Structure formats: C-alpha cells, structure tokens
Amino acid sequence: MSISKRFRTPKIIVLALALVLPAIAIAPQASAQESYQIVVHVPNVAGVVPADARVTLIDAANGNNQSQSRLIGQDSYGWFGVVNIPAGSSAVRVKATKLANSTVAINPATTRELWLNSMGVPFLNESSASLKLRIALVTKGVALSNRSVKVTIGKSTKTYKFSSSGSKRFALVPVSGTTSVVKFTVFNKTKAGKTYTVNPRTAAKVWVGDSFAGVRTSESWANDKLTVHYHRADGDYQGWGLHAWKDANGGTTLTVNWASPVLPVSPNIGAWGVKYEIPLVANSKTIPIIMHKGNLKDPSDLDQSVNIAATKGEIWFESGSVNTDKSLRFTIPVPMDNPPVVVDPEPPLPPVPGVAPTLSQAQELASSSIRSAMAGDNIYFVMTDRYQNGNTANDRMGITGSRDVTGFDPASTAYYHGGDLAGLTDGCTTGNGVKRLKDMGFTSVWITPPFKQRYVQGSSASYHGYWITDFTDIDPHLGTKADFKAFVDCVHSQDMKVVLDIVMNHTGDVNYYPSGNYSFGAPRNPAVSPNNANLRKPAFLNDLSNYHNRGDVQNWNNKEQAQFGDFFGLDDVATEKPEVIEGFAQVYADWVNDYGIDGFRIDTAKHVDDAFLGKWWPRVLELTAAKKPDLFAFGEVYDFGTGNLTDFVRNRGIPSVLDFAFQGAAVQFASGNNITDITNVFAADDWYTTNKTNAYNQATFLGNHDMGRFGLMLKNAGSPQNDLWGDALLGYDLMYMSRGIPNVYYGDEVGIIGTGGDKEARQDLFPTGVSAWRSEPRIGASAIGTGSYLSQRNHPIQERIAALNTLRNEHPALKLGAQIQRYSGNNVIAFSRIDSANRMEYLVALNNSQTTRTGLRIKTSSPNTLFSQVWGQTQNVTSDSQGFVTISVGDRQAVVLKAQGALPEKSSVDQITLTVTKDQGVAIWKPKATIANWDDPSTCTFVIKVGQGSWQVLGVDDAPDWKMILTGANYTAGAKITIAAIVKSSSGAIGVSNAVDITNSP
Ligand SMILES: [Ca+2]
Ligand SMILES: [Ca+2]
Ligand SMILES: [Ca+2]
C-alpha cells in the first residue's frame, strides 16, 4: 500500500474512510536479524568520540585475523563501533581506541552486542560493565529535595537521594555484575509512590515518572520521543527526511505532509550520520515511519513500524539495510522477545477477615458463566452493495445522471456497484443469497448499515453505509422496506439471525462551519444549507445543538478529540444529551420491534462519550424486551490491546466488542510467527468478566472491511504468497475452536486477498466491473477474471468453514464450553473445552509450525480416560493417573480429542483461598480464588456485600485461574466491601472461601 499517495491527497482519504482511523500501517513484525555484526560499546572518557575512534576484533587463535569497525556512533554509554566478525573465528578479543587491551575473549557466535568497562574488559550487558543502575526521575513541579528512592537488592535496602544535572534527575545505584532483580519505590517526602522491579542486566538505565506507568529505558522514550540515527553510505543526506503519522497503536503528534518531511535536528553530519527526533503521542506502542526523499524510500518501499518498548524509542539504521521481509534492519540489535522490565502489582492486601456467605446463601448465589443469545452463533459479515445485484432497476435509485448524482459506478472502487437486499435474499431457499450462507453453515448475517445516506461526498459514495442521514428508512440503492422485511423474514425462516450494523457517533457530513475553521477546538457555530435543514431523520438530528461542533479529530489518541471531534468530517453527535440517547434508543428499537433484528454491531463505539452506551443499551433492552428479550450487541473498538478492550467491556455497558486483540494475535499465530500473542489474549480473558458478560461473548474475526482481508494480513505477516492456504485454514480452525463468536468477512471464504484495507478490501462477489479486481491473486484458486465468486461452492476455505460448523454442531462444547488453557510451547497451544451438561472434556491443540510436533505432554482434568480424536489426525490416547495425555499435532494442523468417560465426581469442595490484590495507584481490585491441587473444571462465583447490604454476584469464572476485576468507581468512596468466592464442582458440590474486606478508594 502506498502511504505516500494517500498522504499526498488527504481529502480523498478523508472521504474514503467511512468509519476507520487512518488505515493501519501494515508493517511486518520486526524480525530476527538475519546476519549480524557485533556492536561494541566503549565508555567515553573524554566526553567526545575520539577522532581516531576504532574498535578492532582479533581472532584469539590467530592474531593476524582481525577486523575493524566500519561504522562509529555515539550513545548514552559513550561511543560504539559496528564490527564484522573476523572470518572463521570462534573466540575474539576486543580492542578500542584509548582503552587498555584485555585478554578476555568472547564467543562471536552468541554475541551481538557488548560493553567494555573502563579497563577495556568486555561484558555482555551494560550494568556488568558499569556496575551501576541509573534511575532517572521524570517529574515536574515537585522539589527535588523531597524525592528519594528506596532500593532493595536481595536482603539489603538503602535509600538514595536524587542528584541533578541540568534538568535531569537521577540516582546511581551500585549493583554487582550478577544482580538481576532490583526493586525500588519512589518517595515524595515520606509518602511512598509507585514500586518498580527491574533487571539491570537488561536495562542499566531506567526512567520512571509521575506521568507514565512502568519504567522506560531511554531518555527518548521517557520524553515520548522517537530518535532516529540514520547513516547513508554515500554520505549524501540532502533531501532525506522522515515521514511519520499515527494509527491505533500510536505514532507522532505531528501532522507531517509528505512533501515536507521531518528534517534532521542539525544539518551537521556526526560520527554516525544524521539524527531525527519525532514527538510521540503519549504511551505509543508503535510509530509508523518512512524515510524518503521525494518518492524514493529507504530502506525499502514498505511502511516501517517501530516498536517503542523494544527499541527504547531510539534506533540506528543504515541506508538499504533490510531484513528478508524488507522490514527495517536495526544496526543496534532490538530484542523482540524479552521485555527488559517488569512492573509489580501492589502486594496482596492483608486478608482482613470478613464474614463469608453461609453455605445455604452460597447455594443460592452460585451461578453459571454467562453465554449471550449469540454466543453459539457464527456470523457472515457482508457489505450488501458488493454481494449480489438482485434488481438492476435500483442501481441508480431510479434517477438519472452522473455517478456524482446517482452514486453508481461499478468500475470504481469508491462508488455503488449494484448489490442489494434482493440479491442477498435471492430465492431464500434457492439461489446464491441466504441459501449459500446457510449451506456454508453460517447462523447469522451482519449487514453493513442499510439506511438512507449522504450518497456522495467529495469523490466517493456511501456504498458502505456509514454516512447515514435517515435512520428510519432503507437506502434505495439497496431496496425498500419491503425488500428489507423479505430479507429478514427469509433469514429467520432458515433459523438464522440478522445483525444490523448501526452508527450513533455521527451522521453523514451535512453540517459545515461558516467560519471555515475545521480544526479541533472550542465549539463553534455550524450551519446547513437550506435544503438540508430537515434532511435528517429522526428530527432530533436536525437540531444543530445536538452535535458537538468542535471540528475534526486531529489527534486520535487524545480522548477528548476522539470522542467529541468530527470523524473525518462526519457530524459528531452530542451523545451525552438525554434527547439523543432516547432518540437513538427509539429509532433502533423500532427496527427490532418492526422487523425482529437479533443483534447490533455498533460502529465507532470507541468514539461516543464514556457514559452513552451504558445509558442507551439498557433503554433499548427495555423498549425491545417484549419482542426480543435476548437482543445482543457488540461494539467496534478499534484497538489491539486487551487492556483497552477489556476495560471497554467492563465499564461501558455493552456485552461485547469486536475482538481486535484476538484478530492481531490470530494472524501472528496462523502465519507461524508466534504463539505468545494468542496465549496472552486468552490469558487476559478474565478481565472481560462482569455480572452481565465475559469473554465467551466476544466477536472474533480475522480480517475486515477496514483493515483488509485475512489473506492480506497473513501475507503481510510473512506467510508465503504461494502457500497462504495452510496458514489460512489454521486461522479458521483457531477461530472456530476457541471462545468467542466467529465472524467471517464476505469474500474471505473464496480466498480473496485484496491489496489493502478499506476500498481495496471490498470486492464484488458478482462479476466485477473493477478491472484490477479481475486479476487479483487468490488463496487456493486462480484469479476470478470475469466470473462470479457466487457460483463457487467448493473453495477449500468454504469447505473448511462448513466442516468446522458441522464439528461445532455435533460438539456444542466447542461453541459454548468453558475454555481452560492447558499448554503453550513448542509452537503449540492447547486448551480444554468442557461439556458441563454431560461432564465431558474436550482437548483442542493447534500447531503453527511447519513440522509435526510429537510427544506433547498435556494436562487434562480426566485421569485414566481414553481420549478419541474427533478432528485432525487419528489418535486415541489414554491419560495417566494425573490426567496427562501425550499427543502429536501435524504441521499447521489442529486436533480435537474427546474424553470417552465423564469427569471424576467431586462430591465435596476442598478449602478455597481468596486473595485480593490492588493495581498500582488505581481503584482496581483483583480477587483470585484457588484450591490446592484441584483439577475439577469447577465454576467460581465471586460475590460481594457492600456495607451491611445483601450478597450480590460480582461475576462468574468457569476456567482457572479464577479471577476477575472489581472496579472501585462503581462504588462509593470509603465503602466497606466484603468479597468471597463460591466454587461449584462439575458434579454440583459447593464450597465457600474465606472473605476479604476492602475499603473503597475510587
Ligand atoms: Ca441493484
Ligand atoms: Ca463522538
Ligand atoms: Ca479464569
């Protein structure tokens, strides 16, 4: 994808992106460095790089076999040289200008980077060379004399004052060469602040601050800055500059124009080359960048993504230096696996013993883990305009004129193509509409917003449905209300459900600002042209005081802007106003009551005010209770972090969000890159739990209409173009076998890859008028040409989806059963799914490597039990007395085994221990319940009592570890809250934990 093109024509992007943040820069993961030299750091005795600075590596076995540094740079340790390894050497000595020679040799096969101490002796980490940990404090407005740091190393504790040098404040803590754990607490006078734990062997200098969590490991990062050191072999830096922007994971605060890139901080060329500095939005995880001169990019034509934590916000790179996947190759090695630092939670609260529920109260309170009405469904997400044209009479809405009037141009990716509700329904039980989806095994259809639109804005049309003006009627391109009713009735007649994509954050772009000021800021007067004065329906949307009127969002990471700014010019509705809440509740409840809609997908849910959904959703449930008592909804929160997604589900009042964290991790898993991401996603599942929902109701997916298709995601993650097939099938196996509601994006089932996100990911399934789409490569099939995807019934992905649906229907535990993590290693993840009704256990294992994994020893809860294969290669294994089975999983395959005997009876529950910890500095408590040596897949109900009130269910967890979050903000300050855990065994026995009292301080 060409970011440059996009950024040169910003107006087009604005109009093309219906509902997304600026498209995700699809950069490959930073990969291992394929070939390397050794970076040797030298302490800087004189304060400047010596004029004759040079590092020499000498083969210990042959003094004549030497190599010298080819490149010199300067960093916070002193200066450094980049040196080739002397050919064939197996041990080398290191020599640096102005330092004594040492006889200590290092192994070049295992060394990427080393530090010389002032005596010239090499060490593999900076703290061993310096024997110091430098703790820097980033703070403002507090007298330095008030601040101190209490440091614990082993059994020794000592307090240090901060010294200052200019604006820098730091403490130097002596460490030994083997110290790997340093714990410290920063004090303000006598008040203890945050506590940190660091390993000085991976981070000899750390920065902590009042304004950010955790520790940061460079001056750049601590000051929310990316520093780029750039070296050109030709020495010609004229015209080279950095382009940077921001996406959902962070980036720069600058608005950089492609024609005016960021220039070096100084035109002077230093030892390394030139240096660029770019301010970052706070807490950026990554920043997308391109080094370029005009349209010439370096080191490759890809958008590059810099991981801030891994690089410490400071990178050194050389022109043309790339990894095999064309990602930027950093000269200073970047560790991608081991985060250098960890942050401790506050220690467990002392268990102030409270009074636990009685056994009879516990019998009443013990509950089941919640499954929504759609938790067992799987959803086909379709863009109606691109599926099938059932009625050519509506293509131009029955009017004549150019595409700027009708919105119709099937040869352009930016306009309507003719697909409609009639095409999607087709013959219902015949044809290529609902029947085709039913045949593939889908149980639900999510359609893009079908409402009347602002049909053309700029040079793009509203074929996608996200520019609504009339929320009460159907876009005539798609059909009529009668067509809509026929579609919904057909879907219901097939025992399937309809999910309606809805928007409340904004309307189409109708308002304008007469002042001409479109920058985000204070509210200003909006206006509409006279013929648009009553354009919108319901009527509350014509009252311009029901909009925020604050200009366009510029900084997506600024919450105020993201919630109250106009979304790429789309008019941002004042969702905090009671009239708006009631208006949107009424209009969407009408669609449920009039047509029987089963669920909502809430567009741009991240951009409405914090309180809106928590008020709107209960009101919708109230209005639809008679017609659809089990209505469901999931929100679009475009964020890849489980922290933000789980926070949203816990605190914004809707039962589910699209699981972007799962999506990102599933791509990494399926492409063979790592199993860590998906392991971490499942490990965070408990943080979704409330008394209304949990992770089982998350909407999982692999690609979409904004970011791009799954095939493209795999390709960008490094899956080989000619072998995407196996990776893709593994991705579907993962999505269909693990928790959540699978969503398949239309066209992915026939292997469409596409070339980008947004418009490049919205192909026609009928014979396309877009010539570029005819020749696009596909997974598992040849390009479609002038043919129709709809007539294909045997694409391997279609067949796999159908097979997975059959599997889930025959074994409902794979849809709804408790998911218990069992194994993560050797490229294999494994988890159990529990059939609680029949007390039977399933074991699912998936291998993302290119080779079969054998001899995998995995725990189950079913000892001495035969497990038979129900999916994947045949194997029947019997667990040992501890419940372990030994299995194998083929390359890029999944296996599902089912226990042939019931779980052991547990007629009593052993002693339950409840502990409660509190997160650093915030009112988030984490109760956790454990039972020693307890294998039974029991269900744990956390209960609370506020003051002298009655016991209430806080949430239910059916998979160990049993834990969840209690949010202090939901209770009054100073409230005494008693927490207890009730465990119900798989065979129905009940036990009660100790109780813990906390005092709320929200
Ligand atoms: Ca049509
Ligand atoms: Ca908003
Ligand atoms: Ca759990």
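User: What is the geometry of the site of the calcium ion (ligand 1), with its six donor atoms?

Analyst: In this predicted model, the angles among the six donor atoms run from 63 to 164°. Six donors count as octahedral if opposite donors are over 155 degrees apart and all others between 65 and 115; four count as square planar by those limits, or as tetrahedral if all angles lie between 85 and 135 degrees, and anything else is irregular. The site of the calcium ion (ligand 1) is irregular.

User: Which residues coordinate the calcium ion (ligand 1)?

Analyst: Donors are N, O and S atoms within 2.8 Å of the metal (3.2 Å for Na, K and Ca); water is not among the atoms, so sites may look incomplete. At 2.3 to 2.5 Å, the coordinating residues are Asn389 (OD1), Asn391 (O), Asn394 (OD1), Asp395 (OD), Gly418 (O) and Asp420 (OD).

User: Is aspartate 395 buried or exposed?

Analyst: Buried means under 20% relative accessible area, exposed over 50%, partly exposed in between (1.4 Å probe, protein chains only). Because its relative accessibility is 6%, aspartate 395 counts as buried.

User: Which protein donors serve the calcium ion (ligand 2)?

Analyst: The donors lie 2.2 to 2.7 Å from the ion. They are Asn505 (OD1), Gln563 (O), Asp572 (OD), Asp572 (OD) and His607 (O).

User: What is the relative accessible area of asparagine 505?

Analyst: Asparagine 505 is a donor residue of the calcium ion (ligand 2). This residue is buried, with a value of 1%.

Residues are numbered from 1 along each chain, and chains are lettered from A and ligands numbered from 1 as written. Local features need pLDDT of at least 70, side-chain atom pairs count only at pLDDT 80 or more, totals for chains, interfaces and linings use all residues, and side-chain values use heavy atoms, without hydrogens and water.
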